[in-house]
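Welcome, and please open the model in your viewer. We will go from the whole chain down to single side chains, one selection at a time.

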Amino acid sequence: MILDLTEFLRDDVKDANYDFTLENLPEELQDLGIHLPLQYHIYVYKIANILEVETNVDLRYTCYCNRCLKKLSRSMNLSLESTYPLDSELIDFYEEDPNSDLLILDNNKIDTTKLVRDIIVSKMPMREICSEDCKGLCPKCGADLNKEECNCDDFTIDPRLEALSAFKPD
């Protein structure tokens, strides 16, 4: 979705709120188990020659515990602040700086789908666990150690140290 800020920038408005619903995810987010529709809110305000954009995403998703593979439903609120210079001199200055984290408006428009994608990619957890005390799966038989105990022999010698087992102290 494109947020056109032309009227906002032309008028003497200091701030504005926008609510959006995303019905379709960008391709790179489709395998993350995100529940649709995705609700997000954008708050825009001006400070001198700078436009600040705060994006908040209410994210609901399904994932699996990285230890025991239990299916989990999660929800979280993710937020990101973006800064856009409005003055042409500032734009020229920041375009030359490769380390600048300022963004440039494209014809007074912001692609909100890109903002949402950036928030999810940068802030969504890479690994989830069902609980801090999750025991996971047995690496030999695959039993869920949270539900049952297995009878697998858990004594293994590191192959790099196996030669030491033949060592007999006097």
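Accessible areas here come from the Shrake-Rupley method with a 1.4 Å probe. Keep in mind that this is a predicted model.

**Stop 1: the whole protein**

Show the molecular surface first. The accessible surface of the protein comes to about 12,000 Å², and carbon and sulfur atoms account for 47% of it. Of the 170 residues, 28% are buried.

Now switch to the C-alpha trace and turn it around. Along its principal axes, the trace spans about 85 × 40 × 25 Å. The radius of gyration is 25 Å, whereas a compact globule of 170 residues would have one near 15 Å.

**Stop 2: helices and strands**

Change to a cartoon view. You should find three helices and six strands. Follow the chain along the sequence and the pattern reads β-α-β-β-β-β-α-β-α. To see how the chain meets itself, consider contacts between residues at least 6 apart in sequence: 57% of them join residues at least 24 apart.

**Stop 3: the charges**

Colour the charged side chains next. There are 18 positive and 35 negative charges in the protein, and the mean positions of the two groups lie 9 Å apart. The structure holds five salt bridges, and the next stops visit some of these pairs.

**Stop 4: Arg 74 and Glu 128**

Select Arg 74 and Glu 128, which form a salt bridge with their closest N and O atoms 3.1 Å apart. This pair connects distant parts of the chain: Arg 74 belongs to strand 5 (residues 71-85), while Glu 128 lies in the segment after helix 3 (112-123), and the two are 54 residues apart.

Is Glu 128 buried or exposed? Glu 128 counts as buried because its relative accessible area is 12%, under the 20% cut-off. Its partner Arg 74, at 26% relative accessibility, is partly exposed.

**Stop 5: along helix 3**

Move to helix 3 and select Lys 114 and Asp 118. They form a salt bridge, with the closest N and O atoms 3.2 Å apart. Because these residues are four apart in helix 3, about one helical turn separates them.

Add Arg 117 to the selection: its side chain meets that of Asp 118 in another salt bridge (3.3 Å, N to O). Lys 114 is partly exposed at 39% relative accessible area, as are Asp 118 at 27% and Arg 117 at 25%.

**Last stop: the network**

Finally, add Glu 28. Together, Glu 28, Lys 114, Arg 117 and Asp 118 are linked in a network of salt bridges.

Terms used
Residues are numbered from 1 along each chain as its sequence is written. This is a predicted model: local features need pLDDT of at least 70, side-chain atom pairs count only at pLDDT 80 or more; totals for chains, interfaces and linings use all residues. Side-chain values use heavy atoms; hydrogens and water are left out. The radius of gyration is taken over C-alpha atoms; the globule rule is 2.2 Å times the number of residues to the power 0.38. Buried means under 20% relative accessible area, exposed over 50%, partly exposed in between (1.4 Å probe, protein chains only). Contact means heavy atoms within 4.5 Å. Lys and Arg count as positive and Asp and Glu as negative; His and the chain ends are not counted. The place of a charge is taken as NZ of Lys, CZ of Arg, CG of Asp or CD of Glu. A salt bridge is a side-chain nitrogen of Lys or Arg within 4 Å of a carboxyl oxygen of Asp or Glu.
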